[in-house]
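Biologist: I am new to this one, and I like to know the reason behind each label. Could you show me the model and take me through it?

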Amino acid sequence: MSDAARAVRAPTDWSGEAMQRRIRRRYAAERRFKLLGLGAVVLSAGFLALLLVIMIGNGIRGFTATELKLDVDFPASGLMVSEASLRGPNPEAALVSVDFDSVINRAAQAQYGPQGPALFSGAARLALRDAVIEDPTLLSQRGTLWLPASSAFDQAAKGNSGGEAREAYERLAGQDAVRTGINWTFLTGSDATDPTVVGIWGAFKGSLLTMLVTLALAFPIGVLSAVYLEEYAARNRWTDMIEVSINNLAAVPSIIFGLLGLAIFLNFMHLPRSAPIVGGLTLALMTMPVIVISARNAIKAVPPSIRDAALGIGASKVQVVFHHVLPLALPGILTGTIIGMARALGETAPLLMIGMRAFVATPPDGLTDPASVLPVQIFLWSDEVERGFVEKTSAAIIVLLVFLLAMNAIAIYLRNKFERRW
């Protein structure tokens, strides 16, 4: 062997200064990798914090409302309604013909001048009607009420606009004629054309009903499909084709499922348009592949020794699956299901395709009633021109985020509750 070959095959020098340099380089590389990982975590947390700060800063005002004081002389207003009729079983019917707008306009003009009627929202007449129903004795006296302010005045009170509305706010605030409180209408109402009277409850209830339909269909079918494919199905080209199809369906864009729902549930089955049952069926098609994949991975993670031990003591195949394998795989199945449901909750495109972007002024009472959902409601409000809808959009996003966080919290709780160790 030549001297050059011996030099190439010579053992590495593991002592002395060369060894110390290699150790220092290795430790430096580890420190750099650690710093890069820490930087990635800090950057991600910073973007998340920025998102939350922007959403909360813009949306927190959406949960508040501005009200104006109004002195109403009910005996002089000429209301042709008796207190006895308001104490009956149907007081709303007795007030159908009452023109509360005229009552508010006359009182506002007398108290605040010619610009007084423009200071109050269209919802002021509803608040006045509810006050009379709650206390019929107001009809015989002069009362002081707090009624919702107009959108322009509300934005001026929150510092979002200037001009005449801001001047009116500063003047009335000095007279203790303005107050700000929780906007209960936003939490209990539905969609409207006036940003001062819109509410999120209708869309929230629609999302809840849609998610119930999605869960009732996607969870049992998805889990049973995973059990069959993992525990019973033979390994051949047909099952391979099914597995590939499920993996491909999980990656299909959501709007394709919207087109499928439009073609099958609306055009073919003629189910009611813009109903939670149609939205739930469409989202179930989209969520089912995700549940199947997560359930299969959870079932596959159960050690084979569990199955062998159960079969060894005489358990049947069904007993092995439902008494041993599924309970052990349940934490992973539930976690994957909740994640899939959270993805479905935030979807907008498939629901737009099946018509769930309609203007719905009343919350749905059932699965077949017209309804909207939170993502679509956010989309519709973001398209409005009036400034008051901007904060309502951010407030609705906060509600959606809270809903998603609640679902993730449920997933963590269920995973910890049913987790088994072996």
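Modeller: Let's start with D154, K158, E391 and K392, which are linked in a network of salt bridges. Please keep in mind that this is a predicted model.

Biologist: How many salt bridges does the rule give for the model?

Modeller: The count comes to 13 salt bridges.

Biologist: What makes E170 and R166 a salt bridge?

Modeller: The rule asks for a side-chain nitrogen of Lys or Arg within 4 Å of a carboxyl oxygen of Asp or Glu. For E170 and R166 the N to O distance is 3.4 Å, so the pair qualifies. Both residues lie in helix α9, four residues apart, which is about one turn of the helix.

Biologist: Why is E170 called partly exposed?

Modeller: Partly exposed covers the range between the buried cut-off, under 20%, and the exposed one, over 50%. E170 has 48% relative accessibility, so it falls in that range. R166, at 27%, counts as partly exposed too.

Biologist: Which residue forms a salt bridge with E231?

Modeller: That is K317, with the closest N and O atoms 3.4 Å apart. This pair links distant parts of the chain, as E231 sits in helix α11 and K317 in helix α16, 86 residues apart.

Biologist: Is E231 buried or exposed, and how do you know?

Modeller: E231 has a relative accessible area of 12%, and buried means under 20%, so E231 is buried. Its partner K317 is at 32% and therefore counts as partly exposed.

Biologist: What makes E347 and R343 a salt bridge?

Modeller: Their N to O distance is 3.8 Å, and the limit is 4 Å, so they meet the rule. E347 is buried, at 14% relative accessibility, while R343 is partly exposed, at 31%.

Biologist: Now for the interior. How many residues does the largest nonpolar core have?

Modeller: It has 36 residues, and those with the most contacts inside it are I200, L351, L374 and W381. Helices α11, α13, α14, α16, α18 and α19 each supply at least two residues of this core. The largest share, nine residues, comes from α19.

Biologist: Which residues does L351 touch, leaving out those up to four places away in sequence?

Modeller: L351 touches G279, L283, M356, V373 and V376. Apart from the largest core lies another core, of 34 residues, among them V72, A108, L139 and L172.

Biologist: Let's go back to α19, where T393 lies. Why is T393 called buried?

Modeller: The relative accessible area of T393 is 10%, and the buried label applies under 20%, so T393 earns that label. Not counting residues up to four places away in sequence, T393 touches I378, W381 and S382.

Biologist: What does the side chain of T393 reach at 3.5 Å?

Modeller: The side chain of T393 reaches the backbone nitrogen of S382.

Biologist: And on the surface, which residues make the nonpolar patch of about 440 Å²?

Modeller: L48, L51, L52, I56 and I60 make that patch. I56 is found in helix α2.

Biologist: How do you know that I56 may belong to a patch?

Modeller: A patch residue needs over 30% relative accessible area. I56 is at 45%, so it passes that cut-off, and it counts as partly exposed.

Key
Residues numbered from 1 in each chain as written. Predicted model: local features only at pLDDT ≥ 70, side-chain atom pairs only at ≥ 80, totals over all residues. Heavy atoms only, no water. Buried < 20%, exposed > 50% of the residue type's maximum accessible area, 1.4 Å probe, protein only. Core = buried A, V, L, I, M, F, W, Y, C linked by side-chain atoms within 4.5 Å. Contact = heavy atoms within 4.5 Å. Polar contact = N/O pair within 3.5 Å; in protein donor to acceptor, adjacent residues only side chain to side chain. Patch = residues over 30% accessible without salt bridge, like charges linked within 9 Å, V, L, I, M, F, W, Y side chains within 5 Å. Areas by Shrake-Rupley, 256 points an atom, 1.4 Å probe, with all protein chains shown as cover.
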